[in-house]
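User: Please take a close look at the surroundings of the ligand in this model, and then place that part within the rest of the protein.

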Amino acid sequence: MESKPGQALDQPVISLRGATASLGSRPVLRGIDLTVRSGEVVALLGANGSGKSTAVRAVVGQVPLSDGALSLFGTDFKRFRDWSRIGYVPQRTTAASGVPATVREVVSAGRLARTRFGFLRKADKAAVERALDLVDMGSHADASVNALSGGQHQRVLIARALAGEPELLIMDEPMAGVDLANQEVLANALRSQVAAGTTVLLVLHELGPLEPLIDRAVVLRDGCVTHDGPPPEALGQHALPGHDHVHPHSAHDAEPLRTGLLS
Ligand SMILES: Nc1ncnc2c1ncn2[C@@H]1O[C@H](COP(=O)(O)OP(=O)(O)OP(=O)(O)O)[C@@H](O)[C@H]1O
């Protein structure tokens with residue numbers, strides 16, 4: 001992989017140290033450390049309400065830290081301005097706004113930060129078409145976003161993030177509400193991004209089809225990191241950390257199967 005200016009291999013792309021944050025009066029992040037290095041694919045896992053979305057929203061500057069330190073691409077957050085290097089796909093949003101827009105128009109919006117004065121040149125248009133093809137939406141480019149399925153919406157939102165050719169891609173539960181066929185398309189899109197050297201931070205509910213891509217898992221519980229290391233073993237649905245489960249075919253007094261990461 002060719003490293004880009006200011007991006008040495010192994011340099012932390014995200015460095016969050018002792019981060020605390022509150023939403024309203026509720027402490028949600030209680031001193032978390034999270035490091036993502038160049039080229040890594042890191043999954044942020046944890047039970048509902050453990051602080052995963054808040055952690056990624058803190059990384060993209062949407063939630064202020066009350067304590068701790070954040071740097072992006074080696075630059076202290078307060079001085080960081082290079083947002084075009086980062087693609088962010090938030091949780092549960094829709095590409096449809098009620099305003100009639102085509103799939104291509106929505107995806108093109110993700111390229112604007114790379115352009116001068118919002119004018120898309122040939123290279124920008126080519127990047128938009130590449131992003132559409134990556135998520136297999138090229139043939140729907142002229143369709144209205146108001147007419148898409150939930151899985152197609154998610155593909156469009158990911159294409160919008162990819163159109164900016166980000167070095168760091170942050171996605172909050174990209175597979176939520178996406179059927180298996182759409183999950184496969186998204187997994188393929190992500191695979192090619194990772195092969196091209198993109199650094200990825202993903203909030204996931206379960207590892208699913210993305211599992212082979214993941215280098216490291218960070219597990220949150222109650223706003224604290226309880227695991228930072230290899231992803232939990234492939235247990236299908238049971239890869240969800242903290243998921244306790246007795247198999248229907250196991251003895252009724254069998255111990256629950258634990259991944260052990262949250263316990
Ligand atoms: N605007 C808000 N005001 C107060 N509390 C909030 C707000 N948004 C979220 N919270 C609370 O903060 C905690 C962490 O929320 P967060 O969305 O970061 O968790 P999560 O791990 O991403 O959960 P999920 O898997 O359900 O998306 C939760 O207990 C949530 O109820």
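Analyst: What follows begins with the shell around the ligand and then turns to the strands and the protein as a whole. The model is a predicted one, and the residues around the ligand in it are Leu23, Gly24, Arg26, Val28, Gly46, Asn48, Gly49, Ser50, Gly51, Lys52, Ser53 and Thr54. Two or more residues of this shell are given by each of two elements, strand S2 (26-37) and helix H1 (52-59), and the largest share, 3 residues, comes from H1. In terms of residue character, the shell around the ligand divides into 8 polar, 2 charged and 2 nonpolar residues.

Gly46, listed among the residues around the ligand, falls within strand S3 (residues 41-46), which pairs in the parallel sense with strand S9 (residues 216-221) over 5 bridges. Within this pairing, Ala43 stands opposite Ala217 in S9. Strand S9 is also joined, by 5 bridges, to strand S10 (residues 224-229), and these two run antiparallel; here Val218 has Asp228 in S10 as its bridge partner. The hairpin of S9 and S10 has 2 residues between the strands, and in this hairpin Asp222 takes a positive phi near 50 degrees.

As for the wider setting, the protein has 5 helices and 10 strands, and 41% of its 263 residues count as buried. Among the contacts in the protein with a separation of 6 or more, 69% are accounted for by residues 24 or more positions apart.

Key: Residues are numbered from 1 along each chain as its sequence is written. This is a predicted model: local features need pLDDT of at least 70, side-chain atom pairs count only at pLDDT 80 or more; totals for chains, interfaces and linings use all residues. A residue is near a molecule or strand if its C-beta atom, placed from the backbone, lies within 6 Å of it. Helices (H or I, at least four residues) and strands (E, at least two) are DSSP runs, numbered from the N terminus. Ala, Val, Leu, Ile, Met, Phe, Trp, Tyr, Cys and Pro count as nonpolar, Asp, Glu, Lys and Arg as charged, and the others, Gly among them, as polar. A residue is buried if 20 or more other C-beta atoms lie within 10 Å of its own, exposed if 12 or fewer, and partly exposed in between; C-beta atoms are placed from the backbone. Two residues are in contact if their C-beta atoms, placed from the backbone, lie within 7 Å. Two strands pair if DSSP finds at least two bridges between them.
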